[in-house]
Amino acid sequence: MAGKERRDELAESVNDLLTSVSSMVKSELEGTNNTMELLEKMNLKVAEEYKGFGDLASGLRVFVEQLKSKSGSFDDYVQQIDAIENQVTHFEAVISMLDQYVSLLESKMLSIYQHPPT
């Protein structure tokens, strides 16, 4: 009977060992499963957030296109302003030359009136 008791103890020990290993593997799998569920929830949340960014980027693209079309209509005005600026610069140069000429004439007239011809 000692041999049978020994086998029963051995069988019980092996059974306990396998039950413990099974519990350990089950706990590991549950932990991995929980991690995977958390990762899935995080991925869904990030995807939702990036979808919002995509919508925002799409709206910004439309806004930029509108600004480009509006700024294109200003090109004619900018060219007209540049032409006016060039004309003003030219007129300023002409006025400066006329001012110098008038000053010269004024000097000559003053000179003539101060020294009348005899």
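This is a short talk about the fold, the surface and the charges of one protein model.

Hi everyone, thanks for coming. One thing before we start: what you see above is a predicted model.

Let's begin with the overall fold. How many helices and strands does the protein have? One helix and zero strands. The radius of gyration is 49 Å, while the globule rule gives 13 Å for 118 residues, so the protein is more spread out than a compact globule. If you prefer to think in boxes, the C-alpha atoms fill one of roughly 165 × 30 × 10 Å along the principal axes. Helix 1 itself runs over residues 2-114.

Now, what share of the 118 residues is buried? The answer is 0%. Since the cut-off for buried is under 20% relative accessible area, please keep that threshold in mind when you look at the picture. In total the protein exposes about 11,200 Å², and carbon and sulfur atoms supply 62% of that area.

Some of that surface gathers into patches, and I picked two for today. The first one I'd like to show you is nonpolar: Leu17, Val21, Met24, Val25 and Leu29 make a surface patch of about 470 Å². Take Leu29 as an example from this group. Leu29 sits in helix 1, and its relative accessible area is 55%; because the cut-off for exposed is over 50%, Leu29 counts as exposed.

The other patch is about charge. Glu5, Asp8, Glu9, Glu12 and Asp16 form a negative surface patch, and Glu5, for one, belongs to helix 1. For the protein as a whole, we have 11 positive and 20 negative side chains. The centres of those two sets lie 9 Å apart.

With those charges in mind, how many salt bridges does the structure hold? Just one. It joins the side chains of Lys51 and Asp55, at 3.5 Å from N to O. Both residues lie in helix 1, four residues apart, which is about one turn of the helix. And are the two partners buried or exposed? Lys51 has 54% relative accessibility, so it counts as exposed. Asp55 comes out at 48%, so Asp55 is partly exposed.

To recap for those who joined late: we have one helix, zero strands, one salt bridge, and a protein in which buried residues make up 0% of the 118. Thanks for listening, and I'm happy to take questions!

Notes
Residues are numbered from 1 along each chain as its sequence is written. This is a predicted model: local features need pLDDT of at least 70, side-chain atom pairs count only at pLDDT 80 or more; totals for chains, interfaces and linings use all residues. Side-chain values use heavy atoms; hydrogens and water are left out. Patches are made of residues with over 30% relative accessible area and no salt bridge: like charges are joined within 9 Å, nonpolar side chains (Val, Leu, Ile, Met, Phe, Trp, Tyr) within 5 Å. Accessible areas come from the Shrake-Rupley method with a 1.4 Å probe; for residues, only the protein chains shown count as cover. A salt bridge is a side-chain nitrogen of Lys or Arg within 4 Å of a carboxyl oxygen of Asp or Glu. Lys and Arg count as positive and Asp and Glu as negative; His and the chain ends are not counted. The place of a charge is taken as NZ of Lys, CZ of Arg, CG of Asp or CD of Glu. Helices (H or I, at least four residues) and strands (E, at least two) are DSSP runs, numbered from the N terminus. Buried means under 20% relative accessible area, exposed over 50%, partly exposed in between (1.4 Å probe, protein chains only). The radius of gyration is taken over C-alpha atoms; the globule rule is 2.2 Å times the number of residues to the power 0.38.
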